[in-house]
Amino acid sequence: MISIFNAHGFAFLLATRITVSITALSLIFATLIGLVFAFFKISHNKFLNRLADLYIGLIRGTPLIVQIMFLYYGISSVIVLSSFTAGAMALGIHSGAYIAEIFRGAIQSIHRGQMEAARSLGMSNALAMRRIIFPQALKRAIPPLGNQFIIGLKDSSLVAYIAVTDLFNTALSVQGENYMPFETYFVVGIYYLILVLLFTVLLNKLEARLGGGRSKGMKIA
């Protein structure tokens, strides 16, 4: 295993940068999608509700690898995209469905009375959501969001199958050269473990910094 580190350490470092980059880009995209569809889910508009249900049901009901292949080859037949861009989009669309449910649950966990109190002070629904409801919901959403972000980091290994030179793709190439699959995958597993541990530390610090209590309450409409 030491020989693999010595011979391919630089390649793995470059691949780590790509893995982190595609994960970060996809999670930014996923968070934006998740916010939009979370608000669709709690909207009074039935069309937006059904649109959100369709998106979330479709994404959660099909494998990520199928979504990556479908999006990559489907888009490439119309618009030429790099495998990196297509992979980030596919990962973002996939994670966005789960993040939408996280935000939706966090928002609806805030006591309905807070929205009513804000409305009684003359705030619009949108203003009350922005100033009162969503800041509290965000604090509650941090732990499940952290879990989803870590899942997104590990799921990024699937973009290797559309030729993105991430950590897993590099491991595939290395084990094809040295015929040492067990040792090679053990090494790449260490890289992923280190990334997850670093990510966990950052998320724990963010959660501790935001802090905040958890109030009991009913769902808001």
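In the predicted model, Ser83 touches Tyr72, Ile162, Ala163 and Val164, when residues up to four places away in sequence are not counted. Ser83 belongs to helix α4. With a relative accessible area of 17%, Ser83 is classed as buried, because the limit for this class is under 20%. A further residue examined in this way is Asp155, which is found in helix α6. The contacts of Asp155, again without residues up to four places away in sequence, are Leu64, Leu91 and His94. Asp155 was also compared in position with Ser120: the two are 35 residues apart in sequence, and their C-alpha atoms lie 45 Å apart in space.

The nonpolar interior was examined next. The largest nonpolar core comprises 36 residues, and those with the most contacts inside this core are Phe12, Phe103, Ile107, Met129, Leu145 and Leu167. Two or more residues of the core are supplied by each of the helices α1 (2-42), α4, α5 (112-120), α6 (125-155), α7 (167-178) and α8 (181-210). Helix α6 provides the largest share, with 10 residues. For Leu145, the contacts beyond its neighbours within four places in sequence are Ile99, Ile102 and Phe103. A second core, separate from the one just described, has 13 residues, among them Leu71, Ile75, Leu91 and Ile162. Two members of this second core have already been named as contacts: Ile162 is touched by Ser83, and Leu91 is touched by Asp155.

Open space in the model was also analysed. Rolling a probe the size of a water molecule over the atoms reveals where empty space remains. The second largest pocket holds about 200 Å³ of space. Its lining consists of Leu58, Ile59, Thr62, Val66, Gln67, Phe70, Leu71, Ala90 and Ile93. The elements contributing two or more residues to this lining are α2 (46-60), α3 (64-76) and α4 (83-108). Of these, α3 gives the most, namely four residues. Grouped by class, the lining of the second largest pocket contains seven nonpolar and two polar residues, and no charged residues. Leu71 takes part both in this lining and in the second nonpolar core.

Aromatic side chains were then considered. A pair of aromatic rings is described by two quantities, the distance of the centres and the angle of the planes. The count of aromatic pairs in the model comes to 10. In one of them, the rings of Phe39 and Phe134 have centres 6.3 Å apart and planes at 45 degrees, and the pair is therefore tilted. This pair links distant parts of the chain, since Phe39 lies in helix α1 and Phe134 in helix α6, 95 residues apart. The two partners fall into separate exposure classes: Phe39 is partly exposed, with a relative accessible area of 31%, whereas Phe134 counts as buried at 19% relative accessibility. Another tilted pair is formed by Tyr161 and Phe168, with 6.2 Å from centre to centre and 55 degrees between the planes. Tyr161 counts as partly exposed, because its relative accessibility is 43%. Finally, ring pairs join Phe37, Phe40 and Tyr55 into a cluster.

Terms used: Residues numbered from 1 in each chain as written. Predicted model: local features only at pLDDT ≥ 70, side-chain atom pairs only at ≥ 80, totals over all residues. Heavy atoms only, no water. 1 Å grid on protein atoms, 1.4 Å probe; cavity = no way out; pocket = protein on both sides within 12 Å on 5 of 7 lines; lining within 4 Å. Points joined across faces, edges and corners; volume = space filled by probe spheres on them. Nonpolar A, V, L, I, M, F, W, Y, C, P; charged D, E, K, R; others polar. Core = buried A, V, L, I, M, F, W, Y, C linked by side-chain atoms within 4.5 Å. Buried < 20%, exposed > 50% of the residue type's maximum accessible area, 1.4 Å probe, protein only. Contact = heavy atoms within 4.5 Å. Phe/Tyr/Trp six-rings, centres within 6.5 Å; stacked < 30°, edge-to-face > 60°.
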